[in-house]
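Please open the structure in your viewer and keep the sequence panel beside it, so that each selection can be followed in both places. The tour moves from one stop to the next, with a selection to make at each.

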Amino acid sequence: MTAVTSPRGGEIACEDLVRIFSAEGVEVQALQGLTLHVEAGDLVAVVGASGSGKSTLLTILSGLDTPSAGRVSVAGTDLLTLRGKRRVDYQRHTVGFVWQQTSRNLLPYLTAAENVALPMVLAGTDPGARVDELLELLQVAHCRDRLPATMSGGEQQRVAIAVAVANAPRVLLADEPTGELDEATSAEVLETLRAVNRELGVTVLIVTHDPAVSEHVRRTVQIRDGRTATEVLRRRETDEHGEERHIAEEFAVLDRVGRMQLPQDFVKALELKDRVRLTLEPDHAGVWPDRKEDA
Ligand SMILES: Nc1ncnc2c1ncn2[C@@H]1O[C@H](COP(=O)(O)OP(=O)(O)O)[C@@H](O)[C@H]1O
Ligand SMILES: [Mg+2]
């Protein structure tokens, strides 16, 4: 495990994001200083257990909610000062979303083609040939004239992705897009998200509780208790026998002021508690348990 400092800026830039909800006098810290940077054109998964703050993060990135503290910008738009018409424009043109509930993504009384055309019509542009091009790209051309209720869950989510990218957003946000699908159908939907990322150049952020999603993306960020904890980068390497190998390397995320979370298994294995002893070596830092008998 190695530590990496998040590069500043990026197409999606979150610094020390905090979101506190107060419900009936009880405070819930959904995000507790989350830092995340995503480069333009990247496809990234944010994986975390239920309740770790994933939907809270996406709701903020989609411009539907504002953080209690911290900084956040998407495609150069500062979301903290976004109001009124600029907010509507942002939601219509800069970001697209796909939600977990297939029913939330599509209007039930419109066909696939009409659903995809709608965002363009609302934005005052002529859909022209784009509807069929998008249905083709997402491999749901056969659903063109069908209502959502007559399509499978996977087909509905692929049409939903076409709707989300209809107005050519720079960033596509997907909240558990495969949450209601079986494994094989999930894999298909993830592959279509990859195709959209590759063919349209849109930056894609997927949040999910499903660790299997990380096998479909180059970069996975793990979120724990409202903070980004670790990152896994995947790449392919060809060895001396010409065999292709998949390499996954895990990193800890270091924030602007140098804080990081030690992985749970490190904490358990060394029985780390309360405080640890640190040493600075020429090329690494050491972490030791603080045991009285060692002193
Ligand atoms: N509107 C809200 N009011 C009060 N608490 C909320 C609200 N939205 C989310 N929470 C709480 O914030 C935490 C994170 O929720 P969420 O972002 O939905 O997590 P995830 O999507 O990872 O399951 C949870 O404890 C949840 O109960
Ligand atoms: Mg959620």
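What follows is a walk through a predicted model, one selection at a time.

**The two domains**

Begin by colouring residues 37–219 and then residues 266–295, which the domain assignment of the chain gives as domain 1 and domain 2 respectively. With both coloured, look across from one to the other: the C-alpha centres of domain 1 and domain 2 lie 43 Å apart.

**The sheet with open edges**

Next select the strands β3, β2, β5 and β6, which in that order form an open sheet with antiparallel pairing. β3 and β6 (77–78) stand at the edges of this sheet, and because each has a single partner strand, one side of each is left without a neighbour in the sheet. As background for what the viewer draws here, strands of a sheet pair through backbone hydrogen bonds, either parallel or antiparallel.

Within this sheet, zoom in on β2 (12–23) and β3 (26–38), which run antiparallel and are joined over ten bridges. The two strands make a hairpin with two residues between them, and in that turn glutamate 24 has a positive phi of about 50 degrees. Beside the turn, show alanine 23 and its bridge partner in β3, valine 26. Then turn to the pairing of β2 with strand β5 (residues 69–74), where five bridges join the antiparallel strands; glutamate 15 has arginine 71 in β5 as its bridge partner.

**Around ligand 1**

Now select ligand 1 and display the residues that surround it, among them Phe21, Ala23, Val28, Ala30, Lys54, Ser55 and Thr56. Which elements each supply at least two residues of this shell? They are the strands β2 and β3, already visited in the sheet, together with α1 (54–61), and the largest share, three residues, comes from α1. If you colour the shell by residue character, you should find four nonpolar, seven polar and one charged.

**A parallel pair of strands**

Move on to strand β7 (residues 95–98), where Val95 and Phe97 point one way and Gly96 and Val98 the other way, with all of them buried. Add strand β8 (residues 171–175), which pairs with β7 in the parallel sense over four bridges, and look for valine 98 standing opposite alanine 174.

Stay on this strand and select phenylalanine 97, which is found in β7. Is phenylalanine 97 buried or exposed? It counts as buried because 23 other C-beta atoms lie within 10 Å, where 20 or more is the cut-off. Leaving aside its neighbours within four places in sequence, phenylalanine 97 is in contact with Ser62, Ala164 and Leu173.

**The largest nonpolar core**

Select next Val116, Val159, Ala162 and Leu205, the residues with the most contacts inside the largest nonpolar core, which has 63 residues. The largest share of this core, six residues, comes from helix α6 (residues 153–164). Centre the view on alanine 162 and, not counting residues up to four places away in sequence, you will find that it touches Val116, Leu134, Leu135 and Leu138.

From there, follow helix α4 (residues 112–122), whose buried residues include Ala112, Ala113, Val116 and Pro119. These buried residues of α4 pack against α5 (130–137) and α6. Just after α4, pause at glycine 124, which takes a positive phi of about 80 degrees.

**A buried loop residue and an exposed strand residue**

Select methionine 151, whose place is in the loop between α5 and α6. Methionine 151 is buried, since 20 other C-beta atoms lie within 10 Å, and, leaving aside its neighbours within four places in sequence, it is in contact with Cys143, Arg146, Gln156 and Val159.

For the last stop, go to threonine 279 in strand β13 (residues 276–280). Why does threonine 279 count as exposed? The reason is that threonine 279 has 9 other C-beta atoms within 10 Å, whereas the cut-off for an exposed residue is 12 or fewer. Not counting residues up to four places away in sequence, threonine 279 touches Ala285 and Gly286. To finish, draw a distance from threonine 279 to glutamate 240, 39 residues apart along the chain, and their C-alpha atoms will be found separated by 38 Å.

Conventions
Residues are numbered from 1 along each chain as its sequence is written. Chains are lettered from A and ligands numbered from 1 in the order in which they are written. This is a predicted model: local features need pLDDT of at least 70, side-chain atom pairs count only at pLDDT 80 or more; totals for chains, interfaces and linings use all residues. Domain bounds come from an automatic or database domain assignment. Two strands pair if DSSP finds at least two bridges between them. A residue is near a molecule or strand if its C-beta atom, placed from the backbone, lies within 6 Å of it. Ala, Val, Leu, Ile, Met, Phe, Trp, Tyr, Cys and Pro count as nonpolar, Asp, Glu, Lys and Arg as charged, and the others, Gly among them, as polar. A nonpolar core is a set of buried Ala, Val, Leu, Ile, Met, Phe, Trp, Tyr and Cys residues joined through C-beta atoms within 7 Å. Two residues are in contact if their C-beta atoms, placed from the backbone, lie within 7 Å.
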